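Could you walk me through this model while I have it open in my viewer? I would like to know what to select at each stop, and what to look for once it is on screen.

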Protein chains: 2
Amino acid sequence: METLPHPLSLFVKDLALRAPLSPADRDAIYKLPHTLRILETSAYALREADMPTHCGVLVSGFAFRQKIASDGGRQIMAILLPGDAIDLQNLFLDVSDHSIQMMTRGQLAMLRREDIQEIVRTRPGVRQAIFIKILAEASIFREWLVNLGQRQAPERVAHLLCELGFRFEVLGLAEKYGYELPITQEELGDATGITSVHVNRILKKLDASGFVTRNRRQISFSNWSDMRTIAGFNARYLHMQGK
Amino acid sequence: METLPHPLSLFVKDLALRAPLSPADRDAIYKLPHTLRILETSAYALREADMPTHCGVLVSGFAFRQKIASDGGRQIMAILLPGDAIDLQNLFLDVSDHSIQMMTRGQLAMLRREDIQEIVRTRPGVRQAIFIKILAEASIFREWLVNLGQRQAPERVAHLLCELGFRFEVLGLAEKYGYELPITQEELGDATGITSVHVNRILKKLDASGFVTRNRRQISFSNWSDMRTIAGFNARYLHMQGK
DNA sequence: CGATATGTTGAATAACGTCAAGAACAGTGG
DNA sequence: CCACTGTTCTTGACGTTATTCAACATATCG
């Protein structure tokens with residue numbers, strides 16, 4: 001009989017990549033009271049202008065941060081993997097400035113805002129890790145700005161794939177440097193600022209050149225070195241201390 | 001005989017827009033020991049991969065956060081106005097993931113990292129304001145992602161002008177809704193992900209349509225309502241509580 | 001005043017978007 | 001298991017936006 005991992009184990013693992021967490025720190029996180037919510041594909045975990053009372057942590061499935069421009073276009077600003085918290089920023093900001101939508105079906109652990117604030121106040125190790133996590137995410141936003149502003153469409157897509165491959169890897173969600181992500185071409189386009197039609201053509205070319213392989217909605221790549229070169233990818237911005 | 005304002009007065013004013021600061025909070029900030037550095041145009045206040053020991057606050061002049069892509073292109077990720085801190089994030093992150101370059105000549109107040117950490121630890125009001133300031137900047141990065149990913153070039157430029165107009169306004173740096181900023185078209189392009197040639201053509205059109213006026217390197221606009229409409233600008237992302 | 005950076009313009013080109021139609025796929029209920 | 005339905009993918013033809021290159025004009029700065 002297999003024991004299920006704790007719902008927050010990836011959250012702890014991810015935090016521990018940022019700052020050392022003592023056994024007591026980990027224990028304190030595991031003991032945080034929480035409820036589990038199951039969310040279907042496309043469901044909103046949080047909406048712009050909401051005033052969240054809880055802090056959600058993605059336990060399984062994928063989600064993204066998004067915002068709708070005035071012309072109706074959607075910009076995806078971040079891709080959230082299991083273990084990622086969706087609204088740490090709302091520990092300090094009352095009203096959300098963007099939405100979180102599920103990319104797949106998944107589970108969300110809901111923690112009470114005050115409980116996290118308490119643990120941040122009393123545990124320096126947890127505080128350090130959470131603040132670094134928040135700041136590392138801001139660093140990812142900056143790198144995405146470079147992606148959208150300075151790179152051509154094929155390099156943009158390749159860079160996004162590199163980032164996801166790397167993040168999968170450090171979490172232990174991918175064996176070797178490959179990974180598989182159930183993302184639509186529309187979503188890929190909304191994350192990179194190009195149309196889904198153009199994403200399709202780019203993927204076709206990357207596939208034909210042997211850089212990526214596609215199987216249904218799963219995209220993966222195995223030649224890390226080539227992809228890194230195409231994308232101009234340097235993982236420093238992820239702030240994972242040499243991982 | 002006029003008394004000069006305290007070098008950190010705009011820093012305090014900006015923080016107070018985020019969270020209430022008591023007279024004692026303000027006093028504690030004013031009493032932080034600091035040295036003043038004068039930086040020439042194009043000088044670096046901080047370089048990528050540096051490990052800063054101090055935290056700089058812009059006292060006068062303008063600067064920007066930037067990163068160089070592997071193809072040599074520069075992406076400007078934020079424009080810093082007087083009162084902005086340049087590396088609050090390095091209170092927690094050891095190594096800088098981007099550079100800060102001066103846009104004009106200006107002064108930088110250098111505060112000791114430990115002094116800020118101390119004041120953040122002991123003064124809840126200051127802590128709240130600084131954290132909100134950090135998170136509001138992350139929100140600006142997200143809005144810039146929308147700008148680069150979803151808006152056409154003219155709207156992008158207009159949106160940037162709106163943001164700067166608004167930020168000038170709340171700091172009291174602009175009378176009415178106009179403002180003047182000594183920014184080159186090259187820099188405007190690097191901030192919006194378009195070439196300087198195209199920026200030139202866009203400004204020409206915005207000028208001809210009466211939306212902006214240009215005088216040497218100064219760009220300004222007066223019809224706030226029109227600009228807001230063109231840009232699809234909504235100030236909520238700046239987190240200035242209804243200001 | 002001369003040197004260098006920035007701004008301006010046109011013509012040619014490349015990158016990307018739009019529109020439209022059909023094919024493959026994923027989820028649904030029978 | 002199948003037929004049905006809406007979604008996603010794929011492809012071509014064409015239009016638009018933005019880039020590149022190059023030349024010259026105007027500022028800015030020492």
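Here is a tour in six stops, to be followed with the viewer open.

**Stop 1: colour by confidence**

Before anything else, bear in mind that this is a predicted model. Colour chain A by pLDDT: the average is 92, and 97% of the residues score at least 70. Now pick out two strands of chain A, β5 (residues 74-80) and β10 (residues 218-220). Among the elements of chain A, β5 has the highest mean pLDDT, at 98, while β10 has the lowest, at 82.

**Stop 2: DNA strand C**

Select DNA strand C and show the protein residues around it. There are 19 of them, and those that come nearest are A153(A), R201(A), Q185(B), N200(B) and K204(B). Of the strand C atoms that come within 4 Å of the protein, 79% belong to sugar and phosphate.

Next, show side chains and look at the phosphate oxygens. An N or O atom in the side chain of N200(B) sits 2.7 Å from one phosphate oxygen of strand C. For R214(B), a side-chain N or O atom is 3.0 Å from a phosphate oxygen of this strand. Over on chain A, H198(A) places a polar side-chain atom 3.5 Å from a phosphate oxygen of strand C.

Which elements give two or more residues to this surface? They are α7 (196-208) of chain A, along with α6 (185-192) and α7 (196-208) of chain B. With four residues, α7(B) gives the most. If you colour the surface near strand C by residue class, you will find eight charged, seven polar and four nonpolar residues.

**Stop 3: DNA strand D**

Move on to DNA strand D and repeat the selection. Here, too, the strand has 19 residues around it; Q185(A), N200(A), K204(A), A153(B) and R201(B) come nearest. Sugar and phosphate make up 76% of the strand D atoms that come within 4 Å of the protein.

Three residues of chain B are worth labelling. A polar backbone atom of A153(B) is 2.9 Å from a phosphate oxygen of strand D, so keep the backbone visible for this one. T195(B) has a polar side-chain atom 3.0 Å from a phosphate oxygen of this strand, and H198(B) has one at 3.5 Å.

The elements with two or more residues on this surface are α6 (185-192) and α7 of chain A together with α7 of chain B. The one that gives the most is α7(A), with four residues. By class, the surface near strand D holds four nonpolar, seven polar and eight charged residues.

**Stop 4: Q150(B)**

Now centre the view on Q150(B), which belongs to helix α4 (residues 124-150) of chain B. Is this residue buried or exposed? Its relative accessibility is 17%, and because the cut-off for buried is under 20%, Q150(B) counts as buried.

Turn on distances to see what the side chain reaches. One partner is the backbone oxygen of R74(A), at 2.9 Å. Another is the side chain of Q75(A), with which the side chain of Q150(B) makes a polar contact, also listed at 2.9 Å. Leaving aside neighbours within four places in sequence, the residues in contact with Q150(B) are A69(A), D71(A), G73(A), R74(A), Q75(A) and D190(A) from chain A, and L145(B) from chain B.

**Stop 5: helix α8 of chain A**

Select residues 224-231 of chain A, which form helix α8. Its buried residues are W224(A), M227(A) and A231(A). Look down the helix axis: these buried residues fall within an arc of 65 degrees, so they line one face of α8(A). The element they pack against is α5 (153-171) of chain A.

Then check both ends of the helix. At the N-terminal end, N223(A) acts as a cap, with a side-chain oxygen 3.3 Å from the backbone nitrogen of S225(A). Following α8(A) comes G232(A), whose phi is positive, near 65 degrees.

**Stop 6: V120(B)**

Finish in chain B with V120(B), a residue of helix α3 (residues 113-122). With a relative accessible area of 9%, V120(B) is buried. Show its contacts, leaving aside neighbours within four places in sequence, and you will find R127(B), I130(B) and F131(B).

For a last distance, pick the C-alpha atoms of V120(B) and E155(B). They are 39 Å apart in space, with the two residues 35 places apart in sequence.

Notes. Residues numbered from 1 in each chain as written. Chains lettered and ligands numbered in written order. Predicted model: local features only at pLDDT ≥ 70, side-chain atom pairs only at ≥ 80, totals over all residues. Heavy atoms only, no water. Near = heavy atom within 4 Å. Polar contact = N/O pair within 3.5 Å; in protein donor to acceptor, adjacent residues only side chain to side chain. Nonpolar A, V, L, I, M, F, W, Y, C, P; charged D, E, K, R; others polar. pLDDT = per-residue confidence, 0-100. Buried < 20%, exposed > 50% of the residue type's maximum accessible area, 1.4 Å probe, protein only. Contact = heavy atoms within 4.5 Å. Arc of directions from axis to C-beta.
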